[in-house]
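Hi everyone, thanks for coming. I'd like to walk you through one protein chain today, so have a look at the screen and then we'll go through it piece by piece.

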Amino acid sequence: MATDSTGEPSFHPYTHPAAGWGAAKSVTAFLAREGEGIAGPRAVMKMNHENTGFDCPGCAWPDDMKGLHLDICENGIKHVAWEMTHKRVGREFFAAHTVTELSNWSEFELENQGRLTEPMSYDPGTDRYLPISWADAFELAGRSLRELGDPNQAAFYTSGRLGNEATFLYQLLARELGTNNLPDCSNMCHEASGRALQAALGTGKGTVDLEDWEATDALFILGVNAASNAPRMLTSLVEAHKRGAQIVHINPLVEAAARKAIIPHDFLQMATFRATPTSTLNLQPRIGGDMALLRGIAKAVLEQSKSDPKAIDAEFIDRYTFGFDDYRAVCEATSWAEIESRSGVSAADIRKAADIYRVADRSIVSWCLGVTQHEHGVDTVREIVNLLLLRGNLGREGAGPSPVRGHSNVQGNRTCGIDHRPAAAFLDRLAEVCGIYPPREHGLDTVATIEAMAAGRVRVFVGMGGNFAIAAPDTAYTFEALRNCELTIQVSTKLNRSHLVHGRRALILPCLGRTEKDEQRSGVQSTSVEDSMSMVHLSVGMRRPASPHLLSEPAIIAGIAQAALPGSRTPWQDYVADYDRIRDTMAAVLDGFEDFNRRVRLPLGFRIRQPARELVFRTPSGRAEFSAAALPVADRGPGTLTLATMRSHDQWNTTIYSDNDRYRGVQNLRTLVFMNAEDMADRRLREFDEVDITSIARDGSTRTLQRYKVIPYDIPRGCAAGYMPEMNVLCALGDFSTQSNQPIMKNLTVRIERSEP
């Protein structure tokens, strides 16, 4: 069990407001534990400031448009304090511990050792990491890449923490080398959103901004645990409720953010303990039932339009959309009995949501991984767009689609070139501006990269941030695939599982954190990030680096590139000396980044233009396109449940701060599964009984987790849920969406049985 806590596991349903004094108490205890009682609060006062501080390395929720100086949250503060720890992992640590020994440590124990301080190289003779100079590390990386028989034998992975400038250099390195093998965390998270929005609207992003959230009449929030995954959204929900907007939460679990909240920087609320509701209506579809529920809302609106023509926006539909007649026909042909069966929600409750949608003049639909990590994720996001188009909720204030991206710059990574399926126009511009010959064939995504490593077709794996080994699906298979590489390179700030599951040769290259000053020849550098609503702004570190031996991510990328591409005409060191030069090149390559250096220094930065926001649709029809996909089948067979993986509250992605999950009432436990009480009764299970969880893959193979404790929870019958990354082992590599290639982490078929004594 990954833990820093003591005591027996306990469970008490959480009934308090989200955020508020619970968050304040948790943050205070965390800062004290990490020894950041002074530096932590100082850093908080510099986080998310417009162009004068560093961007929170946590979620991608936009900064407050009013320049609010306390635009922070509990998880953001924890994430920053975790990075600023005084603990260090240097050569003495690695001399004292073999990789085999460290492999038995928990995820918490590994990261809790502190910041990496110098480059290290794995020595198979001693099973230890040994110090290596930066020059020798770059030479090893460069030689390994130079000696590949085919550039496609390398893969370049990135997580969402990489800034835009480093992202651009990273993809430039890969493409100058000759490959589009650029898997990223989007392949596991929001790939379905991008493909659906691109097909429907001609853009892979949402169209709304924070000002739209402040103007909307109705918010529909699907598959989002906002209090943990995008806590600053709570402010928008509270403000929406106060001004009378309707808020509908759609999620198999009624999370804390879907009830009530106290915003910590609202001093009156904090002083009076006065919570504000954050919902008008909560609907609990069965896992995977969102599309049927959305179809039901649309069906109800269309039925109403027969007596009230204003229920739909016929003028908008006629002028700006394509495929409406087919969509109306499929809605009419779908019976209410089918909608109820496949969604798990009654027609009466669905009609309540439909009435809210029909009456609202302006509506926003927002969603996260609870919608995308399914076989039918693309169809479900397209159903969201269908619903918005019915009432013309696009291209005007307070309306539109709004995906919630999880990591601080995952959207910027895609914008700046991390894409295994790059557009031809982007490659043309890259070739013209940078003087390289980028490959045109599509590269490998995350699933395909794991398969290629296992088969020996990818021999060098580079991980730029993140914890690929434990974040990916089918843990045992992924481990063996990584071990089959000739060289694995991990660019990281802290020790994690991906350093211990490595190729025959391995490098750990430690980089600066988001909070740290990045000094180059021209002075302190700034980097830029893009939030989930397409705002691009600067981030400037404030702290002395954890070690004098750390390099910035652009410097590491440039060092590898110069060693791998000795004849390159790309001015790698000039780019590192002054990031403005990188931005000048980006301005010439990337649509929407014109005049980049000036615009990014404006207060709050700038917003990338979204043609669909202006009702310009780059689709085959030149219009916004309805989809008429069939509803997915809901029945999984007798004795099985549908399981979704999720994060606990005291966790950020694969970083685990403790074994507590305050908002779900759990303490001192992560190896658990939440179940409906009636499903437990069917299996004669009681709270904290030990169970074995066995997943059943498409190919019939099985994977089992043993002796997990079962907890009764308010979740629909036939459904279960538990924590990633521990449960990633249950998702077979072949269990990915045929629509998006995303692993279906929230749509697993499982059997749950009492563990043998």
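Before I count anything: when I say helix or strand, I mean a DSSP run, at least four residues for a helix and at least two for a strand, numbered from the N terminus. Counted that way, the chain has 31 helices and 33 strands. And please keep in mind that this is a predicted model.

Okay, overall shape. Along the principal axes, the C-alpha atoms fill a box of roughly 75 × 65 × 55 Å. Does "compact" fit, or not? A compact globule of 757 residues would have a radius of gyration near 27 Å, and this chain has 25 Å, so the two agree. Of those 757 residues, 66% count as buried. Now take contacts between residues at least 6 apart in sequence: 78% of them join residues at least 24 apart.

What about the outside? The chain exposes about 26300 Å², with carbon and sulfur atoms supplying 51% of that. For charges, we've got 82 positive and 94 negative side chains, and the centres of the two sets lie 1 Å apart.

Let's go inside. The largest nonpolar core has 61 residues, and Leu145, Phe156, Leu507 and Leu509 touch the most other members. Apart from that core there's another one, of 54 residues, with Leu294, Ile297, Tyr320 and Phe626 among them. Back to Phe156 for a second: leaving out neighbours within four places in sequence, its contacts include Leu145, Tyr170, Pro183 and Val462.

Next, find helix H23, residues 446-455. How many of its 10 residues are buried? Seven, so mostly covered is a fair description. Thr446, Ile450 and Met453 are among the buried ones. What do they pack against? Strands S7 (154-158) and S16 (460-464), plus helices H24 (468-471) and H25 (475-483).

That brings us to a few backbone oddities. Asp474 sits in the loop between H24 and H25. Its phi is near 50°, a positive value in a residue that isn't glycine. Asp474 has a relative accessible area of 7%, so it counts as buried. Asp127, in the loop between strands S5 (120-123) and S6 (128-131), also has a positive phi, near 60°. With 16% relative accessibility, Asp127 counts as buried because the cut-off is under 20%.

Last stop: Met724 and Pro725 are joined by a cis peptide bond, with omega about 5°. You'll find Pro725 in the loop between strands S32 (719-723) and S33 (748-754). That's my tour, thanks!

Notes: Residues are numbered from 1 along each chain as its sequence is written. This is a predicted model: local features need pLDDT of at least 70, side-chain atom pairs count only at pLDDT 80 or more; totals for chains, interfaces and linings use all residues. Side-chain values use heavy atoms; hydrogens and water are left out. The radius of gyration is taken over C-alpha atoms; the globule rule is 2.2 Å times the number of residues to the power 0.38. Buried means under 20% relative accessible area, exposed over 50%, partly exposed in between (1.4 Å probe, protein chains only). Contact means heavy atoms within 4.5 Å. Accessible areas come from the Shrake-Rupley method with a 1.4 Å probe; for residues, only the protein chains shown count as cover. Lys and Arg count as positive and Asp and Glu as negative; His and the chain ends are not counted. The place of a charge is taken as NZ of Lys, CZ of Arg, CG of Asp or CD of Glu. A nonpolar core is a set of buried Ala, Val, Leu, Ile, Met, Phe, Trp, Tyr and Cys residues joined through side-chain atoms within 4.5 Å.
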